[in-house]
Amino acid sequence: MMIIASKFHVKHLLLIAISFASIAAAEEPKSFGDLFEIEKEKSESSVGGKNSSSVREDDFTLPPIKGFLQSELAYTWPGPGHWSKFRNIFEVGSKGEVGKSVNWVANIRFTYDPIYDLTNYYSSSVRNDQRFDFSIRETYLDFSAGDWDFRVGRQHIIWGEMVGLFVADVVSAKDLRQFILPDFDLLRIPQWAIRSEYFHADLHAEFVWVPVPTVNDIGKVGSEFYPFTTPDISGFRTITYDDKAPSQTLGNSAYGVRTSYLKNGWDASLFYYSTPELSPSFRRTVRESEAVITFTPIHKRIQQFGVTMAKDISRTAVFKAEAVYSMGRPLSVTDQRDSDGLVGQDILDYIAGIDYTLEELENTRFNIQFFQSVITDWHRDVVADRVDSGVSFLFSTRALHPKLEPEVLYVHGFNHNDWMLQTKLTWEFTTNWRWVNGIDAFGGGRQGVFGQYNEKDRIYSELRFSF
């Protein structure tokens, strides 16, 4: 199973609209009557009359400004209990046209979390990393040429989307400092990319080039959901270094192609994508003379082939499936004599599920998914199991009240009997306001994807204002 911001700083993003007014010239009056007529025309012009040459109010419009302000508070237990988040997010953006052939979109996001100023629970590197963020969100130009559409700039490229998990969504980077708990609109990080799309009848082809890939943000060592635990090795001191993005060279660029076709109700796609790993592998280095073992995050290039499909199987049910075959993904090995502690493996990840809408209960949804990861050329020293399987369940409804939506998501891994439970209640009490309260809980074996966080259970509250 694949569960997987880079920070770009700019000096300014401003949009300025300027209006011009033209002044009508009047002929010199030849009589008092002419003078009065001229003054009458001037009077009509000043109030937008029939001879007005001034700019009407609807001639020029400012681009719409949209965004949201969200505050998130979380307390983590059992031990030691601590405030783990008071994140405040402000995102603002706009969109418009340049002439009649080019559309533009621009968005930025500011984040500030005072928990890292008010407490000393986390290390200084974690506090410095998660206290404040500024990032450019989707900011791009759109234009067309015949059957081709082009998008250039920072953008989301979503090739797959299942409930709560990521498999075919191989292009989008993610902010995993809160694991996969946030909503996808907060979790995904847009890529700087050039994308071209071709449309013809039921065929859709897509070409993507990411000159400087943005990788997943896993945070700093010691953060709440850091995905690697430094092992205790007898007789050695162990050190884990912080992650660093791949160097910004063309050799590290990512590229891919995707084709989709709609036939007999089936919406199917095939894709190929070559990229440095979005989430790092941890290279091991042993310095026996110093009795030190270090673990360094690295992003090796991998090749990925994928397929997605979806079909309405009834009036109330939709079948979805995704599969990705990754070639050369580095995995950790137990052999202490291995030079870097990694070996390249070919892995098949797939997920299939059915989404039901219950007609008996208004706005009620039930989803079930089965997922599995298979190492096709499994090396006997690899830490990961040859086959790793799991299942997920989602239930949500508005049947109790149109403005209240309880939701439960449960994900269970079979191999390590580990699990994740997300429960929340969303209250949209006015048009622009949303209040969410919930609990995130983990359990099971520490070797599992979810079990490693079994001491990170938390209760949280989120308040969002959208404009």
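Biologist: Is Asp440 buried or exposed in this structure?

Modeller: Keep in mind that we're looking at a predicted model. Asp440 sits in strand β24, which covers residues 433-443. Its relative accessible area is 1%. Buried means under 20%, so Asp440 is buried.

Biologist: Which residues is Asp440 in contact with, leaving aside its neighbours within four places in sequence?

Modeller: One partner is Arg458, 18 residues apart from Asp440 along the chain, with 5.4 Å separating their C-alpha atoms. Once the neighbours within four places are set aside, the contacts of Asp440 are Leu181, Leu421, Gln422, Asp457, Arg458 and Tyr460.

Biologist: On to charged pairs. How many salt bridges does a search of the whole structure find?

Modeller: Side chains of opposite charge can pair when their charged atoms come close. Searching the whole structure for salt bridges gives 26.

Biologist: Which residue forms a salt bridge with Asp183, and where does that partner lie?

Modeller: The closest N and O atoms of this salt bridge are 3.5 Å apart, and the partner of Asp183 is Lys424. The pair links distant parts of the chain, 241 residues apart: Asp183 is in the loop between β8 (177-180) and α4 (184-187), while Lys424 is in strand β23, residues 418-427. As for accessibility, Asp183 has 26% and counts as partly exposed, and Lys424 has 23% and also counts as partly exposed. So the name you want is Lys424, in strand β23.

Biologist: What about Arg329 and Asp349: how far apart are N and O in their salt bridge?

Modeller: Arg329 is in strand β18 (residues 317-332) and Asp349 in strand β19 (residues 342-358), 20 residues apart along the chain. Both of these residues are buried. Their side chains meet in a salt bridge, and the N to O distance is 3.0 Å.

Biologist: Asp355 and Arg365 meet in a salt bridge too. Why does Asp355 count as buried?

Modeller: The N to O distance for this pair is 2.9 Å. It links strand β19, where Asp355 lies, to strand β20 (residues 364-375), home of Arg365, ten residues apart. Arg365 counts as partly exposed because its relative accessibility is 32%. Buried means under 20%, and Asp355 counts as buried because its relative accessibility is 18%.

Biologist: Which residues are linked with Arg177 in a network of salt bridges?

Modeller: Here we're talking about a network of salt bridges rather than a lone pair. Arg177 belongs to that network, and the residues linked with Arg177 there are Asp129, Asp133, Asp175 and Asp217.

Definitions and conventions:
Residues numbered from 1 in each chain as written. Predicted model: local features only at pLDDT ≥ 70, side-chain atom pairs only at ≥ 80, totals over all residues. Heavy atoms only, no water. Helix = DSSP H or I, 4+ residues; strand = E, 2+ residues; numbered from the N terminus. Buried < 20%, exposed > 50% of the residue type's maximum accessible area, 1.4 Å probe, protein only. Contact = heavy atoms within 4.5 Å. Salt bridge = Lys/Arg side-chain N within 4 Å of Asp/Glu carboxyl O.
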